[in-house]
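Me: Please take a close look at one part of this model, its β-sheet architecture, together with what packs against it. A connected description with explicit criteria would be preferred.

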Amino acid sequence: MRKKKSITLRELAKQLDLSVHTVSKALRGLPGMSEETRSEVIRKAQEGGYRTKDQERVHAVERIPLYSAGKPYRFGLVISDQSAAMELNQLIMSGLQSKLSEYGHTVEILIVPNIVEQGKTFDHWLALHPLEYLDGIFIGPMVGVEQEARLLQYRIPRILINFPGHAAEVDSITWDVGTAIHQSMRYLFAKGHRNIIYVGRREKHRGFIIRWQAFEQACAAAGLACLPEDHMLDYENQQHWNEQFIEKLRRLQPTAILCGVKTDLAWIYNACSVLGKRIPEDISLISMMHIEDQHVPELSRPVIRIRESGVRAAERMLWRLANPNHPYEHILLQGVLFEGATVRVAPTRTD
């Protein structure tokens, strides 16, 4: 069980070899440092049991006990078996564990199949994983629509770490991809870009739909036409996608690309290479990324608060347990834009 505050802000700064001012900014979520530094400060603070006055005030206002007097709680994180969700789930789990461990609580992973095996049903999976014996469940992103709907029917406390569906009766926490798209477009506009291709999806997952809708809204606000056929929104197979993308780059001659799905990033570089286009010399690029990519560390990107969503989801679960009859809330965590080095001023048109 975590002990009460046993370390001062000054002692924490000395351990980290940072100024008291920097440590204080990191703990309050203020800008002015790398995400690596912020994460290290938060980790050390948690290990030492340090909390800011704001953190203690929030616990008091929201009636969350700082130190658990009863038995530890046991939670489950239900995740999809899709490989595309692996990195997301690792970050979410890290956030959940870092917060729940402060109170002596535990969280275990429960993998739900996206496609139920032939001859079996989702009820079979539920029989093997009796959720009613848990104190609460967190439902991760990219869980199947049917599976998510069934999980939300459980009467135990639930926190959805995803964008909620219409009229969803559940607390939800997620990273604000809509704002991330608007931040990216605002930065591109500021650099003079008006001919921008969006690369992503507009179906399957709610987060994908929100990204595309935000792109459409940003274009409309800037007085730009936004025809779906001029962007990369559908996927059949990789070869067909590559051919389509190269054709659109050649025909539309964009000055910038906004990538809404990180898995498309390598193919964007490949298509530009085929056409002899360099990033950012010929085409500027902003891409959504879960974490910094070591291959393109200076990639311009909105900072997506995935691990922080896990932390906030844990806090929300404890709040829900302490306040079972309060209304549901949907919380979006907004990051900042890392300007990086893959966006340049748009070339001046001569025609």
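Reply: The account below begins with the basis of the model and then follows the sheets, their helices and the core.

The model is predicted, so that local features need pLDDT of at least 70 and side-chain atom pairs count only at pLDDT 80 or more, whereas totals for chains, interfaces and linings use all residues. Residues are numbered from 1 along each chain as its sequence is written, and side-chain values use heavy atoms, with hydrogens and water left out.

An open sheet of 6 strands has the order β2-β1-β3-β4-β5-β10, and the pairing is parallel. Strands (E, at least two residues) and helices (H or I, at least four) are DSSP runs numbered from the N terminus, and two strands pair if DSSP finds at least two bridges between them. The edges are formed by β2 (106-112) and β10, each of which pairs on one side only. On average, neighbouring strands of this sheet are turned by 20° against each other, direction ignored; the angles run from 0 to 180 degrees between N-to-C directions, and the axes are lines fitted to C-alpha atoms, for helices over the stretch in contact.

At the β2 edge, 7 bridges join that strand in the parallel sense to β1 (residues 74-80), and I79 stands opposite I111 in β2. At the other edge, β5 (residues 171-175) pairs with β10 over 4 bridges, again in the parallel sense; here the bridge partner of T174 is L332 in β10. In a regular strand the side chains alternate between the two faces of the sheet. This alternation is seen along β10 (residues 330-333): I331 and L333 point to one face and are buried, while H330 and L332 point to the other and are not. Buried here means under 20% relative accessible area, exposed over 50%, and partly exposed in between (1.4 Å probe, protein chains only).

Two helices lie across the strands. Helix α5 (residues 86-100) lies across β1, β2, β3 (136-139) and β5, running at about 170° to β1. Helix α12 (residues 306-322) lies across β1, β3, β4 (158-160), β5 and β10, at about 165° to β5.

The packing can be followed through the nonpolar core, a set of buried Ala, Val, Leu, Ile, Met, Phe, Trp, Tyr and Cys residues joined through side-chain atoms within 4.5 Å. The largest such core has 49 residues, of which L77, L96, F138, M185 and F215 touch the most other members. Leaving aside neighbours within four places in sequence, L77 is in contact (heavy atoms within 4.5 Å) with N89, I92, M93, L96, V107, E108, I109, L110, F138, G140 and I161. In soluble globular proteins, nonpolar side chains tend to be buried together.

M185 and F215 lead to a helix pair, for M185 belongs to the α8 side of a contact and F215 to its α9 side. The axes of α8 (residues 177-190) and α9 (residues 206-221) come within 8 Å and cross at roughly 35°. The crossing is right-handed, meaning that the near helix is turned clockwise from the far one by less than a right angle, anticlockwise being left-handed. From α8, V177, G178, I181, H182, M185 and F189 take part; they meet G207, I210, R211, A214, F215, Q217, A218 and C219 of α9. These residues divide into 9 nonpolar, 4 polar and 1 charged, where Ala, Val, Leu, Ile, Met, Phe, Trp, Tyr, Cys and Pro count as nonpolar, Asp, Glu, Lys and Arg as charged, and the others, Gly among them, as polar.

Another open sheet has 3 strands in the order β6-β7-β8, with parallel pairing. β6 (196-199) and β8 (284-287) stand at its edges, each with a single partner strand, so one side of each is left without a neighbour in the sheet. The twist from one strand to the next averages 15°. Between β6 and β7 (residues 256-259), which run parallel, there are 4 bridges, and V199 has C259 in β7 as its bridge partner. Helix α10 (residues 238-252) lies across β6 and β7 and runs at about 170° to β6.

Two loops beside these strands have unusual backbone features to inspect. In the loop between α10 and β7 lies Q253, which has a positive phi of about 50° although it is not a glycine; Q253 is partly exposed, with a relative accessible area of 42%. In the loop between α11 (265-274) and β8 lies P280, which a cis peptide bond joins to I279, with omega at about 5°.
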